[in-house]
Amino acid sequence: MLGSIVGDVLGSVHEFKPIKTKDFELFSPNCIFTDDTVMTLAVAEACMNEESYVDSLQAWGRKYPFAGYGSWFGQWIFSENPELYNSFGNGSAMRVSSIGWLFDEEEMVLQKAFETAQITHNHEEGIMGAQAVALGVYLARKGSTKEQIKERLESIFGYSLGRSLKKIRPKYHFNVTCQGSVPEAIIAFLESEDFEDSIRNAISLGGDADTQACISGALAEAYYLSIPKPIKEFVISKITPEMLMVLNDFHQRVSITLN
């Protein structure tokens, strides 16, 4: 889950200032956590405590009301009667990484990912985006090769993951839909050489940088089990004590040891 937060924080400065290169300063003083981090922690806490996802997402969203939510989700956070609204935005995919760690059976991972998505993103694409990321994390931490992960996600979700970033990058643009951003974020991981490279790949697409780096970072963390110490220290300095508390609880729960 820390990989998701890392991607969000490091990608935050490029969300509305897209770049098309991997050669950029990683530690900008303007880096911040956004809604991706807030909702990732909300899902993890609800799942660990067996609490309502709706209650947790609303509670965390109300604590951090200016984290950069989409208009529909922003209204949902403060609604007294929150209802699903058929979204296929990538918000369902960016918040789900903990599910791939917390459950040890593929069917349960897919079911729990569905549950985290359908409270808002009940559109087929919104649900698939969440399930694809959670399953990718699960497969990676269980030791699957990148080719095995690629083939499994293509088979289940119909994503085209054989494209190269070199061909995607020139014409790619900002896209907040699951179908238009999740496959590309997965490819950023598949083409990576290490954790940092996965983050750089995602940001270099010039799209929804923080969310795509959040997704790519989630997969990379599970696969490489290594996040460079300077990156961890920088990102942890950007989140709040209560966020760090949930992150630490999560790491203890799943017994993650990162190099």
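Contact here means that heavy atoms lie within 4.5 Å of each other. The exercises below all concern a predicted model.

**Exercise 1. Determine whether V182 is buried or exposed, and which residues distant in sequence it touches.**

Solution. Begin by placing the residue: V182 belongs to helix 11, which spans residues 178-190. Next, consider its accessibility, for which the cut-off for a buried residue is under 20% relative accessible area; V182 has 0% and is therefore buried. Then collect the contacts, leaving aside neighbours within four places in sequence, which gives A93, G129, V133, Y159, T177 and I215. Finally, take a separation in space: V182 and T211 stand 29 residues apart in sequence, and their C-alpha atoms are 9.0 Å apart.

**Exercise 2. Classify the relative orientation of helix 8 and helix 13, and describe the residues through which they meet.**

Solution. The first step is the geometry: helix 8 (residues 124-141) and helix 13 (residues 209-224) pack at about 20°, and their axes are 7 Å apart. Since angles under 35 degrees count as roughly parallel, the two helices are therefore roughly parallel to each other. The second step is the handedness, and here helix 8 passes helix 13 in a right-handed crossing. The third step is the list of partners: helix 8 contributes V133, G136, V137, A140 and R141, while helix 13 contributes I215, A218, L219, A222 and Y223. Sorted by class, this contact has eight nonpolar residues, one polar residue and one charged residue. Two of these names return from the previous exercise, as V133 and I215 are both among the contacts of V182.

**Exercise 3. Carry out the corresponding analysis for helix 1 and helix 12.**

Solution. The axes of helix 1 and helix 12 come within 10 Å and cross at roughly 45°, and the two helices are therefore oblique to each other. Their crossing is right-handed. On the side of helix 1 the contact is made by G3, V6, G7, L10 and G11, and on the side of helix 12 by F195, I199 and I203. The class count for this contact is five nonpolar, three polar and no charged residues.

**Exercise 4. Establish how many residues of helix 12 are buried, which helices they pack against, and what R200 touches.**

Solution. Helix 12 is mostly covered, with eight of its nine residues buried, and these are F195, D197, S198, I199, R200, N201, A202 and I203. Their packing partners are helix 1 (2-11), helix 10 (165-168), helix 11 (178-190), helix 13 and helix 14. Turning to a charged member of the set, R200 sits in helix 12, residues 195-203, and has a relative accessible area of 16%, so R200 counts as buried. Once neighbours within four places in sequence are set aside, R200 is in contact with K22, F24 and L26.

**Exercise 5. Decide how the rings of W60 and Y64 are arranged, and name the cluster to which they belong.**

Solution. The model has eleven aromatic pairs. In one of them, the ring centres of W60 and Y64 are 6.2 Å apart and the ring planes make an angle of 20°, so the pair is stacked. Both partners can then be checked for burial: W60 is buried at a relative accessible area of 2%, and Y64 is likewise counted as buried, at 14%. Ring pairs link F33, W60 and Y64 into a cluster.

**Exercise 6. Examine the backbone of N86 and L225, and state where each residue lies.**

Solution. Most residues other than glycine have a negative phi. Against this background, N86 has a positive phi of about 60° although it is not a glycine, and L225, also not a glycine, has a positive phi of about 50°. N86 is located in the loop between helix 4 (71-77) and helix 5 (91-94), whereas L225 occupies the loop between helix 13 and helix 14 (229-236). As to accessibility, N86 is partly exposed at 43%, and L225 is partly exposed at 34%.

**Exercise 7. State what separates N49 from I32 in sequence and in space.**

Solution. N49 lies in helix 2, residues 35-49, and is partly exposed, with a relative accessible area of 41%. N49 and I32 are 17 residues apart in sequence, and the distance between their C-alpha atoms is 27 Å.

Conventions:
Residues are numbered from 1 along each chain as its sequence is written. This is a predicted model: local features need pLDDT of at least 70, side-chain atom pairs count only at pLDDT 80 or more; totals for chains, interfaces and linings use all residues. Side-chain values use heavy atoms; hydrogens and water are left out. Axes are lines fitted to C-alpha atoms, for helices over the stretch in contact, and angles run from 0 to 180 degrees between N-to-C directions. Helices (H or I, at least four residues) and strands (E, at least two) are DSSP runs, numbered from the N terminus. Angles under 35 degrees count as roughly parallel, over 145 as roughly antiparallel, 65 to 115 as roughly perpendicular and the rest as oblique. A crossing is left-handed if the near helix is turned anticlockwise from the far one by less than a right angle, and right-handed if clockwise. Ala, Val, Leu, Ile, Met, Phe, Trp, Tyr, Cys and Pro count as nonpolar, Asp, Glu, Lys and Arg as charged, and the others, Gly among them, as polar. Rings of Phe, Tyr and Trp (its six-membered ring) pair if their centres lie within 6.5 Å; planes under 30 degrees apart count as stacked, over 60 as edge-to-face and the rest as tilted. Buried means under 20% relative accessible area, exposed over 50%, partly exposed in between (1.4 Å probe, protein chains only).
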